[in-house]
Amino acid sequence: MAAKLALALLVMALVAAPEILSPYYRSLALAILADVALAVSWAFFSGPSRYLSLATGAFFGAGAYLTAIVEARVPWPLPVLGGALMGGAMALLVGALALRLRGPYFAVFTFGLAELAKHSLIWYETGVTGTVGRLILAPPEPWTLYYTILCLAGLAVLTALALRRSRWGYALAGIGSDEERAETLGIDTTRVKIGTFALSAAFMGAVGAAMAPRWTYLDPQVFNPFVSFQTVIMALLGGATTVAGPIVGAVFLGLASEILLLKFRYLYLLGLGLTLIVVVLALPSGLAGLLRRSSPSPLSSPPAGERAG
Amino acid sequence: MGPILLEGTDVGKRFGGLRVLNGVSFGVGEGEIVALIGPNGAGKTTLFNLISGLVRPSEGTIRMAEHQIAALPAHRISRLGVARTFQTPRPFLDLTVSENVRIAALFSGRPSAPPGALLDLVELGGQAGVPARHLPAGRRKLLELAMALALGPRVVLLDEILAGLTGSEVSRVTDILRRIRDTWGIALFWIEHVMRAVMETAERVIVLHHGEVISEGDPRSVARDARVLQAYLGPSTP
Amino acid sequence: MSMKRREFLKTTAGGAAAFTVLRGKAWGQAKPVRIGYTLSATGPYSVGAGITQGPNYTLWQEQANAKGGLLVKGEGRRPIEFISIDDRSEHETAVRFYEKLATDDRVDLMLPPWGTAMNFAVAPIANKYGYPLLGPTAVSNKIKDLQLPYFYALLQQPDQIMGAFAGILKELKAQGKISKIAIAYVNDLFGIELNASAATALKEAGLDVVDVKSYPLGVKDLSPVLKGFKAAGVDAFVGLTYPPDNILATSQAKEVDWNPPVWLAAVGTAFPFYRDRFKGAEGVMGIAGWNPKVKSAGAKEYFDAHVKKHQKEPDRWASAFAYASLQILERCVAEVGLDRPKIKGMVDSTEFQTVAGPIRFVKGSNVSTPGMVGQWQKGEFEIVWPKSLATGTPVVPKPAWA
Amino acid sequence: MSPTLVVDIVVGGLITGGIYALVALGLNLQYGLMRVLNVAHGEFLMMGAYLTYSLHTAWGVNPLLTLLITGPASFGAGLVLHRLLYARVLAGEAAEALESRSLLLSFGLLFVLQNAALLLWSADLKGYSYLAVPLHFLGSVFPANRLVAAAVALAVSLAFYVFLQQSFLGKAIRALMQDPEGAQLAGINLSRVHGLCFGIGIAMSAVTGSLISMLFELTPFIGLPYTVTALVVVILGGLGNVAGSLLGGLILGLVETASVYLAASDIRLIASYAVLSLILILKPSGLFGR
């Protein structure tokens, strides 16, 4: 009951934030919410399935660049929808090729995707359009962006929760544990993997599309490998096999780096690095491990639509 | 014995230059208990891997009821009613015992007994909430059996389910196997080294040696077959 | 090494510490003028930020505070307090922090971050809250597309830069010193725009370009490009570069045994580091904007003060413009106070005399500073084009690599 | 293709590839043996490069001689880091938790090392000239420093390869790399082998750094691209396969150089990722993986 009340208050606070907060704190909340959306959507695929994806930067970048291209021509939030479709479509294509790779092979392949996209885009833009940079001259209002990101973060969390309770949640956990075994139990692992991967990529593309107007100018450098890394850090720091983990990780990392940035201009990275090391050594099951006693299970309650008899 | 349910014709498998199975034909009837025996390295587990779709045969056909399954992915084969256990059990270690059974029930698309009843059958009802990681090896085998049954199978491929069990455990498990067949009419195709149990339980025995079927028939006649004795005891025996 | 470390710690912590001490002693209760900015201390932009902007910001602050503070019209001198963070070379961080400066900190003035993309990102915020932003490191034809009244670009833009390149190359060709030009450019916005301007400017000057090659940021080997130019008999190399690739190209030219009569490159050549790295870099040409010998008032004093405070010379292109942007602000505040619309009005309508020469803005663009070409000659980056501003005459062909 | 072009591509490819091989070999030792994805691998390269830079510019030490300092020093640092950080995480954990925790540790290390370099050497470009002279042979011309750097890198790589093939410890390491979970080696202290390999891996990275300091300008942020390249090579050649890393490095070097000479500098990275993708699609465990 208390938890539900707290949750309701949190949601109300997030909705009211643009009215209450100064633009700076609203922007901080927006940045952290964007990270929450990225980390949660990364974790609902990579957490249980244990396919460490480093493609976040690729999907994020695709969404962002799409906004830069179409922003002047279509009304908000169509670019965000477009970003979602773009991310999802890319993931379907890549997933069909890459999801038979295991472990480190998958990680490096997906990392390569962002680089491949970046350099192909540069090559195309240089050769064909003759420029690489694009300006967003009429960005949506800040509060529009805030609510867009808030919706995306909320949707990502709801998707993660629903997924855990669904048959696919079980299938992903099985895939992460022993993929071949999962196949012998009737699980179409390819479909589940590609489907979930595309779903998570759709969120990443949408977040990229929604964040792009904040930077006015975009070029292919927006395919930034650090987005991929940062997402992994947030999710793992919090605990990737839970829903709360990536949220906690994103909020913690967002606030910790902001405070370090404001307080220690020349020791910021040092502080961040030491924080990571201390958390890893002190909390074996991630920050979210602080929230509960038992070890994390990749599943929560029984799935809906369970078959029996 | 009913009509043939699972049937292989001239199945062969090569790994690189190595021929592991050669012209193997077999059949398992509906509700039949068929043992697959042979010395280590005879290719028994490979045959199971071919049937369950984890490995593609190099030649030959495999049929399950009216379906050709040699080219199907593993999950499709399991949805056609072919379940299996593994020699070294492979339950999902981070999931609990009951979650392991439930996950199997979720995807087969076939009716099966409720997970709780299956756990009771294999005497794991008391450990439903325990992560599979914490089960000893013998219990993991039983968990795998329950998982296989949760698929609502028509045939279960059992890979040395009795290995490492004590004498009394062996007879309890063979009891369970008979009950499975008698209650649901599920056929069992069963790799086993515990000969006493095979002789008592199986209705038919197929002997595999160096990747080929060298003998087939009821347990008693197979046990007397000179080729079988030679395969097990070595060529020097007359 | 230990000396350098000490020096670095001093430069980084120096401004703030000195200010805290001095404020207590000298100014008693005078309320500081609060000026906010971000500069990249980490990430790819930190190299440029640490050469062109950072040292000038802290130098100016120290000088003003030593005089008793920034003279504010009607209020006397008030000490300068900087509010700044490392933007991590990340646009989102910069955007957020400028919002903080405008709405939470409510600073009196803002200074720009380093680099074109960063200036693009924060300029709309400065504009929205009415802070004049005088960017010394924003170079792009797209700046005018932004149409932000509060944003000003001090540096020469691509057309001006390439106009100067074309000017000197045309004259050298007329003198029979060169005949074949080749261009290598970095394939980001900066390189692409410069290359586009080059195509136009060189064509207008009637010059033939025999080869054009692009390469990506972070390139590790330019010898294939250089070997190709060498084989084609190119005698004027034009590199539209950033500092790391500029230095790479220069060292590799020597390493593949190529010494064209004209070696002309973009960003990095004007850095004293470049001169020292290549033993004087005698005869190398590049984009210029300034050197301590120019006739502008205070140029020499600025140079000496920079060396004294930071133990390193200012670069010969954008540093002086970073300092000039502060001089402009200083003069405006002295004449109209901290009323920002009034400051804007004055910036729009005044020609300022700065260490980088006269600066006057039309629609946010500095129209007083033409494109310039410099050449390292005996340790100084002499301005060799345009002739009206020249401090030296071009030496072509350049001597062999040292 | 003219003979000169062939020489340019082959020699240029071997120069680039030799350096890739050495940095990848070190990463493969850590990743292949311990499943530690050390994203800070390139930061040790950066540190080695700065160390050589400082020794050379402050005291005039020959850059090649500094290998005798950067190698052992970074090996020691590796041992200490393994003992202080990784050994704690590696002790008795499920493989998956281990990978994610050691990955986070490496990120932490990456930030700490970058900040340390920033404080010690500032963000200014640093560099020096050494053997920056042309060498003419086979009808073409090559930078002497690159040839020397690549030759040393290849020599170190080959020496290590021979060590793995011939010595008892080397054979143990190879067996462990090919099957980290399965290989049960009686009489071998696993934690000590891990520490040793972590140290060797880091030393290889730092030594590569010493070599490349002769070629490129340094900033505190040059490390990550090398980590990425090393990862690509490791995956290309097959995880845990030492010969694979050596050959993978050379192949990547050749692919990149060929693409630059035959097409354009812009497509160097496109070509290398395209080749990687193609190989993984055809052979999901890398060129020489099982």
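So, to kick off: how many salt bridges are there between chain C and chain D? The count is four. Before I go on, keep in mind that this is a predicted model.

One of those salt bridges pairs the side chains of C:K227 and D:D8, with 2.8 Å from N to O. Beyond salt bridges, there are 13 residue pairs in polar contact between chain C and chain D, counting pairs where both residues are at pLDDT 80 or more.

Okay, which parts of chain C are doing the touching? The elements that each put two or more residues on the side facing chain D are α1 (2-27), α2 (46-66), β9 (209-215), α8 (223-231), α9 (243-255) and α10 (272-277), on chain C. The largest share comes from α9(C), with seven residues. And if you sort that side of chain C by residue type, you get 16 nonpolar, nine polar and 11 charged.

Now the overall numbers for this pair. We have 36 residues of chain C in contact with 36 residues of chain D. The two chains bury about 3,100 Å² between them, and 58% of that sits on carbon and sulfur atoms.

Let me zoom out to the other chains. Four pairs of chains touch, and chains A and D have the most contacts among them. What about chain B? No contact joins chain B to chain D, where the closest C-alpha atoms lie 10 Å apart. Chain B and chain C aren't joined by any contact either, and there the closest C-alpha atoms are 39 Å apart.

That's my bit, happy to pull up the structure.

Definitions and conventions: Residues numbered from 1 in each chain as written. Chains lettered and ligands numbered in written order. Predicted model: local features only at pLDDT ≥ 70, side-chain atom pairs only at ≥ 80, totals over all residues. Heavy atoms only, no water. Contact = heavy atoms within 4.5 Å. Buried area = accessible area lost by both parts, 1.4 Å probe. Polar contact = N/O pair within 3.5 Å; in protein donor to acceptor, adjacent residues only side chain to side chain. Helix = DSSP H or I, 4+ residues; strand = E, 2+ residues; numbered from the N terminus. Nonpolar A, V, L, I, M, F, W, Y, C, P; charged D, E, K, R; others polar.
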